[in-house]
Structures are given as structure tokens and as C-alpha cells.
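Here is a short tutorial dialogue on how to read a protein model. The structure is shown first, and the discussion comes after it.

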Amino acid sequence: MNNNNTAPRVKKETKNKIKVDFDRTPLKDRLKAKYLNGYFYKKVLIAIFRFLLLLGLSYIILFPFFSKISSSFMSPRDFLQTDVKYIPKYPTLDQYKYLITENGYFKAFLNTFLLSGTCAILQTFICAFIGYGFAKFKFKGNGAMFVIVLITMLLPHQFMQSSMFLKFRYFVLDSTGIYSALGLTKGLIDTVIPLIILSLTGLAFKNGLFIFIMRQFYRGVPDELEESSYVDGYGVFKTFFYIILPLSVPMLVTVFILAFSWQWTDTFYINLFLPTTDSALLTSISFWQKTPETLAAISASQLAGTTGASELYSVAVKNTAGFLVIIPLIIMYLFCQRKLIQGIEHSGFGGM
């Protein structure tokens with residue numbers, strides 16, 4: 001039955017004949033037909049627009065990093081030169097040297113690594129466990145509880161700042177006098193225990209997002225896998241640990257990287273639960289807001305009487321400290337970006 005709406009097909013022989021005829025035409029006519037038409041102009045305009053858009057976005061994103069990195073190599077004399085903007089005339093590594101030696105970079109690095117790694121491991125497992133429960137088990141209040149999880153993604157941290165501080169300042173065991181016996185005069189404040197408790201209970205930074213990601217992933221896991229494991233005599237927990245978790249490795253790696261990175265650069269919870277300046281962490285005041293004494297003496301001698309230059313140099317020192325904080329994350333991303341992208345694709349967000 002012929003369909004009048006169907007366009008006639010062009011046979012292969014006809015295509016070849018058209019191509020041969022086109023190749024036999026003069027070069028001038030071929031160039032005119034290929035480039036002097038509206039379709040070609042449209043492609044060129046789209047390509048130019050895309051290039052300018054990407055160039056502008058790259059400038060907006062990369063320029064702050066470039067300016068901070070370039071200022072980290074400037075000496076105090078560079079801040080006195082009006083013609084120095086981004087390229088230092090007297091480059092030096094003094095800022096890196098004294099931040100590493102006098103501010104205890106490696107000690108803070110080790111402490112931050114252990115804290116971030118511990119919290120990230122706990123958050124990854126707990127969020128996977130909670131996400132699996134929301135995805136695969138139907139119980140009364142499932143939807144309402146998941147809405148509460150989503151609300152935790154929307155509430156700003158400052159909203160619960162006072163309540164969290166008081167909760168851990170006067171924790172459950174405070175009335176028994178155990179804290180006083182252990183020398184903890186402020187309850188659990190000035191310890192890492194609140195961060196561990198929040199990680200264990202799925203209430204830490206961005207855990208609502210991690211639970212949502214794991215739930216979306218587990219909803220795509222076929223129920224037949226669990227049913228077959230139940231037939232083989234596996235219980236719920238054994239199924240989760242031996243069947244579900246091995247399938248979740250790409251997502252677990254993604255959640256771990258995100259949890260580790262956010263804990264590594266966290267300043268809100270660190271300043272809330274570890275407010276003292278002697279806590280040796282990369283995000284504590286004792287590292288990234290403290291100007292080393294040697295640099296302070298150098299700037300005082302070379303920038304005496306120049307308030308503006310002295311303030312700029314102080315900002316440059318803090319920017320250098322911030323750059324030292326994120327260098328490990330940059331290195332980790334270079335090695336883990338493939339796993340991170342795979343996890344995002346498995347989560348179902350790649351096509352959103």
C-alpha cells in the first residue's frame with residue numbers, strides 16, 4: 001500500500017551520480033555551492049557564539065584562580081609596584097615556605113585527611129543504607145520521611161546552628177559528670193565527636209543529597225536480584241552487603257569523593273564544633289587565617305607606611321593558604337574524575 005506522505009528514497013546509484021557530477025564541476029563553483037549558502041553561515045555563527053560563550057565562562061571561572069595563584073608568588077615589593085598586576089616582578093616562594101613550616105601544614109594536612117576520610121566513609125555507608133531503605137521498602141510514612149530528607153537539603157546550616165551547638169554543648173551524659181572527669185569542660189565542643197555523630201546519623205553536611213542520589217540509584221536496581229537472593233536463603237542485611245553493595249561501587253565512590261571534598265573544605269562545622277584557634281586542621285583559623293610571624297615581620301619592614309599594600313599582601317597570604325588547602329583536592333580529582341563521572345551517569349542525573 002503506497003503512502004503519499006512518505007518521501008521518495010534516493011537510490012545509492014543516484015547519490016553516487018550526484019557526487020560524481022559535483023566533483024566534475026569547476027573548483028570555483030564547488031566552493032561557491034559549499035560555502036556561499038545560508039546553512040554554512042548559520043553553522044559559522046553558531047560556532048562563533050559557542051566559542052565566545054565558552055571563552056567567557058572559562059574567564060569567569062578560571063580568572064579568580066589565576067589571580068590568586070599569581071599573587072601567591074609575589075613578594076612584598078611587588079605590591080608596591082603600580083605596574084605589577086598579575087605577573088610578579090620579584091617572584092618568591094616565601095609564602096609557601098613559611099605557611100608550611102610555621103603554620104604546621106603537614107600536621108594540619110594529616111589531621112584533616114584522617115577526619116575527612118573517617119567522616120566520608122561513615123557518610124557513604126550510612127547514606128547508602130538509608131537510600132536503600134527508601135528505595136526498596138514500603139512502610140507507613142515513607143514519603144513523609146523522604147520529604148524531611150529533602151527539606152534538609154534546602155534548609156541553610158545557620159538555621160540549626162544554635163540548636164546543634166547547644167545539643168553537643170549539653171549532651172546526654174553531661175549531667176553524670178563524665179565530661180568533667182575527662183576534662184571536657186564544654187561538653188563535646190572542641191572535639192571531633194559531633195562530626196562523627198552527625199556522620200553516623202546521616203545528618204552531616206550534604207547528607208540529604210547523598211541519600212537522594214543513592215535512593216535514585218537503588219530504584220533502578222531490578223527487584224529480581226533481591227528476590228533471587230531471598231530464595232537462596234539470604235536475609236535483608238546479607239543481601240544488602242553481598243549483592244547490593246558490590247553493584248553500588250561507582251555510586252559509593254562518587255558519594256565518598258563528594259563527602260570527602262566537602263568535609264575537607266568545611267569551615268562552618270569546624271568553626272562551630274572546634275572554635276578554638278589551636279585545632280590543627282587546614283580549615284581552622286590557626287592555619288589559613290594566621291599570617292606566619294616571619295612573613296608578618298617581612299611585610300612590616302618592607303611595607304611600612306603603606307596601608308593599602310600591606311592589606312593586599314595579607315590577603316595574598318590568605319589566598320596562598322587557601323590554595324594549599326585545595327591542592328590535594330585538585331590532585332584527587334585528576335585521578336578520580338573518571339569514577340566521578342561514571343557515578344553521576346549511574347545516578348540518573350546525567351540526562352537531566
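The dialogue below takes up confidence, overall make-up, helix packing, burial and contacts in turn.

Q: How is the confidence of this model to be read, and where is it lowest and highest in the protein?

A: The model is predicted, and each residue carries a confidence score called pLDDT. The protein averages a pLDDT of 82, and 83% of its residues score at least 70. Confidence is lowest in helix H1 (residues 12–24), with a mean of 57, and highest in helix H5 (residues 105–136), with 93.

Q: How many helices and strands are there in the protein?

A: The protein has 17 helices and zero strands. Of its 352 residues, 32% are buried. Among contacts between residues at least 6 apart in sequence, 69% join residues at least 24 apart.

Q: How is the packing of two helices described, and at what angle do the axes of H6 and H10 cross?

A: Two packed helices are described by the angle and the distance between their axes. Here, the axes of helix H6 (residues 142–154) and helix H10 (residues 207–219) come within 8 Å and cross at roughly 130°. H6 is therefore oblique to H10. On the H6 side, the contact is made by Phe146, Val149, Leu150, Thr152 and Met153; H10 contributes Gly208, Leu209, Ile211, Phe212 and Arg215. By class, this contact of H6 with H10 has seven nonpolar, two polar and one charged residues.

Q: Is Thr112 buried or exposed, and which residues is Thr112 in contact with beyond its neighbours in sequence?

A: A residue is buried when its relative accessible area is under 20%. Thr112, which lies in helix H5, counts as buried because its relative accessibility is 4%. Leaving aside neighbours within four places in sequence, Thr112 is in contact with Trp264, Leu281 and Leu282. Thr112 and Ala280 are 168 residues apart in sequence, yet 8.1 Å apart in space, C-alpha to C-alpha.

Q: Where is Ser71 placed, and which residues does Ser71 touch?

A: Ser71 belongs to helix H3 (residues 38–71). Its relative accessibility is 10%, so Ser71 counts as buried. Not counting residues up to four places away in sequence, Ser71 touches Phe79, Gln95, Ala316 and Asn319.

Q: How many disulfides does a search of the whole structure find?

A: A disulfide requires a pair of cysteine sulfur atoms within 2.5 Å. A search of the whole structure finds zero disulfides. As for individual cysteines, Cys119 counts as buried because its relative accessibility is 0%, and Cys127 counts as buried at 0% relative accessibility.

Note on methods. Residues numbered from 1 in each chain as written. Predicted model: local features only at pLDDT ≥ 70, side-chain atom pairs only at ≥ 80, totals over all residues. Heavy atoms only, no water. Buried < 20%, exposed > 50% of the residue type's maximum accessible area, 1.4 Å probe, protein only. Axes fitted to C-alpha atoms, helices over the stretch in contact; angles between N-to-C directions. Helix = DSSP H or I, 4+ residues; strand = E, 2+ residues; numbered from the N terminus. Parallel < 35°, antiparallel > 145°, perpendicular 65-115°, else oblique. Contact = heavy atoms within 4.5 Å. Nonpolar A, V, L, I, M, F, W, Y, C, P; charged D, E, K, R; others polar. pLDDT = per-residue confidence, 0-100.
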